[in-house]
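Okay, thanks for coming, everyone. I'd like to walk you through one structure today, so have a look at the screen and shout if I lose you.

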Amino acid sequence: MTKHQTLGDSVIPINYKLSIEPDFRTFRFSGECSIGVRIRKRTSTVLLNAKELKIRSVSVLSGSKKIRCTFSLDKKLERISIKTEEPVSGAATLQISYQGVHNDKLYGFYRSKYNAGKKSGYIMTTQFEAPDARAAFPCFDEPAFKATFDLSLLVDKDMVALSNMPRKSVKNAGTKKLVIFHTTPRMSTYLLYIGVGRFEATGDATGRVRVHVITTPGKKGLGKIALDYGKRLLAAEEKYFGIDFPLPKLDLIAIPDFAAGAMENWGAITFREYGFLTDAKEASAGVKQRICEVIAHELVHQWFGDLVTMEWWDDIWLNESFATFMSYKIADTVLPELKMLMGYYEQRFPSAFGADAFKSTHPISMRVDTPDEINSMFDMVSYSKGSTVLNMLEDFVGADAFRRGLHRYLISHKYGNASRDDLWGAVQKEARGKPVSKVMQAWITSPGYPIINIEKSAGGFVLTQKRYTLLDYKLPGVWPIPLHYLSEEGERKILMKGKTLKIKTSGDWIKLNAGQNTLYKVSYPESVLEKLGMMIRDGRLAPLDAWGVENDLFSGVRTGRTTVKRYLSFVNSYLLGADYPLSFSVSGHLSWLYTMGFGEPFAEAVKKTIIRFNRRLLDKVGISAKKGEGVTEPRTRALAVASLGMADDERIVRWAEESFRSYVNGRGAIDPNLKGAVFSIMAQHNPTQEVFDRLLGMYSNSRLPEDSLRAVAALGDFRDIPFLKKTLSASMDTKRVRMQDSLYPLIGALANPHARGVAWPWLKANWHRLMEFYPSGPHMLANVVSSLAVVRDISTKEDIERFFSNKANMRADIDRELKIALEKISANAKFVSANLRNV
């Protein structure tokens with residue numbers, strides 16, 4: 001046990017015998033919880049967790065002797081304190097009878113509404129990560145308190161009951177049935193799953209493990225891709241880790257209302273319907289990639305997180321970073337046609353750079369104690385930055401040594417808990433003397449990442465590192481950086497141990513971060529940048545290296561080291577006709593420049609480049625799909641169409657309008673890859689009640705989750721203020737938009753450049769409604785706060801600071817997002833000011 005154990009370490013749970021009866025009429029449940037514990041030191045006080053539960057009775061058994069006791073609840077600390085009349089030690093049993101509520105806030109043992117044609121119904125499902133198992137049963141709700149679970153559920157006879165293990169028996173119990181499940185392996189409380197409802201299933205065996213996709217009524221036909229990917233990925237991950245999946249079955253469960261993307265409950269993984277359910281014939285390339293990634297991610301957790309669990313939440317990155325990195329890596333070997341590994345660089349490196357470029361960021365591993373602090377760790381620093389550091393480690397020690405180290409770590413700690421030091425020790429033993437612990441300690445415990453400035457010198461180049469931040473704060477930071485670089489002499493590797501390093505080369509150019517495997521930025525001299533630009537244009541740099549050069553140049557624009565004018569010149573000179581992933585990076589950066597500069601003189605130059613660049617992309621792939629395309633071409637087509645629509649390209653706007661009218665009138669179909677772009681363009685260029693109602697209707701009535709999401713997200717793209725206000729209103733009406741989906745139109749509208757002058761006043765006026773609407777655990781309110789990062793004037797920033805200085809407007813779960821948003825606003829103002837003079 002570690003010093004973080006807020007319940008102490010004198011009472012250790014061994015087994016839970018848990019019996020629960022849900023009530024679909026009252027949305028309440030009753031439970032009996034019997035916890036077998038080992039008391040290491042004689043005590044008269046036992047602490048455990050409970051949240052929003054009504055405790056009816058508590059008793060303590062020491063052997064066969066019943067010990068008289070009293071109990072009290074601490075709502076703030078979410079604890080039960082049990083006081084016995086005499087001290088107890090050794091084996092004991094805590095027996096607790098209680099009641100709870102099936103809330104609609106997407107945590108604990110909550111209710112989720114589904115629609116099946118004209119009928120609707122509810123399922124009861126659980127979401128326990130991070131500390132919300134305590135909302136379903138009294139427990140020792142900390143990850144190091146692993147125990148086995150014996151679960152039984154008393155449910156209506158027409159209901160299906162689900163949990164981590166297969167059903168052991170089903171018994172008649174009057175008008176109901178008692179479903180008893182096999183005992184689980186030792187695991188943490190947050191990994192227990194409980195589900196009850198009229199579920200449907202489709203399944204198949206992969207080796208000794210039975211795999212099912214489980215849905216609400218009428219949707220199991222949309223699970224074929226997920227089932228296929230799930231079986232193939234499970235087999236691949238067993239092979240990679242060298243350890244069989246430890247449970248006899250694996251359920252992949254689609255949940256209609258779900259705050260997260262998915263949850264790794266051991267043997268009973270839950271997923272949001274979007275990005276999991278689809279029609280194999282109508283699925284877009286992006287959705288196929290998303291399904292593959294999210295299933296692979298949750299399957300990695302079955303080993304990293306479930307089999308071996310972090311000791312405390314400060315090392316949650318041990319779960320999330322590994323699942324993020326390994327999911328893309330393994331998926332790429334199983335489904336190479338989806339180009340998952342290239343997608344990792346396209347998606348995860350930019351999100352890592354973006355999340356960690358602030359004074360107010362945090363280290364990958366840091367101390368946390370309270371539920372709000374724990375929940376705040378589920379961010380892009382833990383997921384994306386942590387994964388890039390593991391990517392760096394694999395490149396540093398070699399893929400084979402990395403894999404052997406992971407196997408050693410898993411075997412040594414299976415069914416138990418581990419820390420980052422355990423991981424470094426395992427990899428170190430396979431790394432042939434490389435300083436694994438020293439390198440990784442610096443990257444894991446230090447906030448931020450470096451930027452390396454390059455200067456030409458006699459006989460080579462001088463490299464100097466410092467910490468990168470958007471506002472160029474003078475903050476301390478020196479990292480041991482595994483350098484992998486290209487020059488005239490070829491490819492080289494060296495460890496940069498200090499602030500400066502001289503690299504000897506006879507050539508006039510150098511490309512740092514060959515292969516883009518390490519998280520740092522580079523500032524190149526103009527002469528070297530021009531040389532690299534010509535190499536990109538002529539196809540003499542690998543796609544990822546070309547992508548890296550452009551990303552480094554754009555970071556200079558973002559911080560004011562480089563002007564928009566210089567960036568546009570580089571794009572027009574060297575990057576037109578770029579291939580994936582460079583094409584996606586350039587198009588995204590041009591869109592950001594246009595949005596941030598909207599209404600300023602330099603935005604017109606950006607707009608012209610958007611049209612020129614994306615026209616070239618569209619000419620390359622064509623407006624219509626071709627037989628035999630992979631995933632890159634349809635995604636490129638969608639990107640180009642969306643970008644051209646945003647830039648008011650008349651031909652694309654006309655085409656989108658014609659396609660939409662034909663689609664809604666039943667005269668034609670829209671390529672699934674282009675629906676999102678078409679819906680968005682219609683909202684931008686046709687501000688009518690008909691279009692608004694059509695999109696909202698598609699959200700409610702579409703058969704495919706991806707179509708629903710595209711339609712509701714497009715509501716945030718209207719340019720007309722009255723319709724943006726309608727969008728904001730609809731997003732908070734759960735009769736029209738599910739809470740889990742509400743952030744898409746809400747944040748889209750608040751971040752819309754056409755809403756400047758409206759968004760912040762609306763947010764202030766509705767802030768307390770939003771605080772009540774969004775619970776603290778699922779990060780939803782924090783995501784709303786993040787939309788403030790599009791503000792670009794200091795006067796609004798000062799008003800935001802005044803508003804949140806009032807304690808009544810603050811909540812612990814938004815603290816970090818608010819600090820980051822304020823830093824971004826300052827950087828935005830600096831960016832706009834710097835480029836007003838450089839049109």
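**A walk through the model**

Let's start with helix H17, where Lys-675, Ala-677, Val-678, Phe-679, Ser-680, Ile-681, Met-682, Ala-683 and Gln-684 are buried. Keep in mind that this is a predicted model. H17 spans residues 675–685 and is mostly covered, with nine of its eleven residues buried. What do the buried residues of H17 pack against? That would be helix H15 (632–646), helix H16 (650–664), H18 and H19.

Now on to helix H20, residues 721–731. Its buried residues are Phe-723, Leu-724, Thr-727, Leu-728, Ala-730 and Ser-731. Look down the axis of H20 and those buried residues fall within an arc of 165 degrees, so they line one face of the helix. The cover over them includes helix H18 (689–701), helix H21 (743–750), helix H22 (759–765) and helix H23 (767–773). So H18 comes up twice: the buried residues of H17 pack against H18, and H18 is also among the helices covering the buried residues of H20.

Next, the core. The largest nonpolar core has 292 residues, and the ones that touch the most other members are Phe-137, Phe-140, Leu-695 and Trp-767. Which helix gives this core its largest share? Helix H3, residues 317–334, with ten residues.

Let's move over to the strands. Strand E3 (residues 54–62) is joined to strand E6 (residues 79–101) by seven bridges, and the two run antiparallel. If you want a landmark there, find Leu-61, which stands opposite Thr-93 in E6. E3 also runs antiparallel to strand E4 (residues 65–67), with three bridges joining them. In that pair, Ser-62 stands opposite Lys-65 in E4. The hairpin of E3 and E4 has two residues between the strands, and Gly-63 takes a positive phi there, near 65 degrees.

Further along the chain there's an open sheet of three strands, in the order E24-E23-E26, with antiparallel pairing. Its edge strands are E24 (490–496) and E26 (510–511), each of which pairs on one side only. Seven bridges join strand E23 (residues 481–487) to E24, and one pair to look for is His-484 with its bridge partner in E24, Lys-493.

Strand E25, residues 500–504, is a nice one to spin around on screen. Which of its side chains are buried and which are not? Leu-501 and Ile-503 point to one face and are buried, while Thr-500, Lys-502 and Lys-504 point to the other and are not. As a reminder, side chains in a regular strand alternate between the two faces of the sheet. E25 runs antiparallel to strand E22 (residues 460–467), with five bridges between them, and Gly-460 stands opposite Lys-504 in E25.

Okay, pockets. The second largest pocket holds about 1,200 Å³ of space. It is lined by 37 residues, and Lys-113, Asn-115, Asp-257, Tyr-699 and Arg-738 lie nearest its centre. The elements giving two or more residues to that lining are strand E7 (108–116), H18 and helix H19 (705–714). E7 gives the most, with five residues.

Here's one for anyone who likes charged side chains. Glu-238 sits in helix H1, residues 224–241. Is Glu-238 buried or exposed? The cut-off for buried is under 20% relative accessible area, and Glu-238 comes in at 18%, so it counts as buried. Setting aside its neighbours within four places in sequence, Glu-238 is in contact with Arg-208, Ile-243, Asp-244, Phe-245 and Trp-303.

Last stop, some backbone details. The peptide bond from Glu-129 to Ala-130 is cis, with omega near 5 degrees, and Ala-130 is in the loop between strand E8 (119–127) and strand E9 (148–156). Another cis bond joins Tyr-580 and Pro-581, where omega is about 10 degrees. Pro-581 lies in the loop between helix H12 (564–575) and helix H13 (582–596).

Then there's phi. Tyr-415 isn't a glycine, yet its phi is positive, about 65 degrees. You'll find Tyr-415 in the loop between helix H7 (399–413) and strand E20 (416–418), and at 30% relative accessibility it counts as partly exposed. Asn-513 also has a positive phi, near 60 degrees. Asn-513 is in the loop between E26 and strand E27 (521–523), and at 3% relative accessibility it counts as buried.

That's my tour, so over to you.

Technical notes. Residues numbered from 1 in each chain as written. Predicted model: local features only at pLDDT ≥ 70, side-chain atom pairs only at ≥ 80, totals over all residues. Heavy atoms only, no water. Buried < 20%, exposed > 50% of the residue type's maximum accessible area, 1.4 Å probe, protein only. Helix = DSSP H or I, 4+ residues; strand = E, 2+ residues; numbered from the N terminus. Arc of directions from axis to C-beta. Contact = heavy atoms within 4.5 Å. Core = buried A, V, L, I, M, F, W, Y, C linked by side-chain atoms within 4.5 Å. Pairing = 2+ DSSP bridges. 1 Å grid on protein atoms, 1.4 Å probe; cavity = no way out; pocket = protein on both sides within 12 Å on 5 of 7 lines; lining within 4 Å. Points joined across faces, edges and corners; volume = space filled by probe spheres on them.
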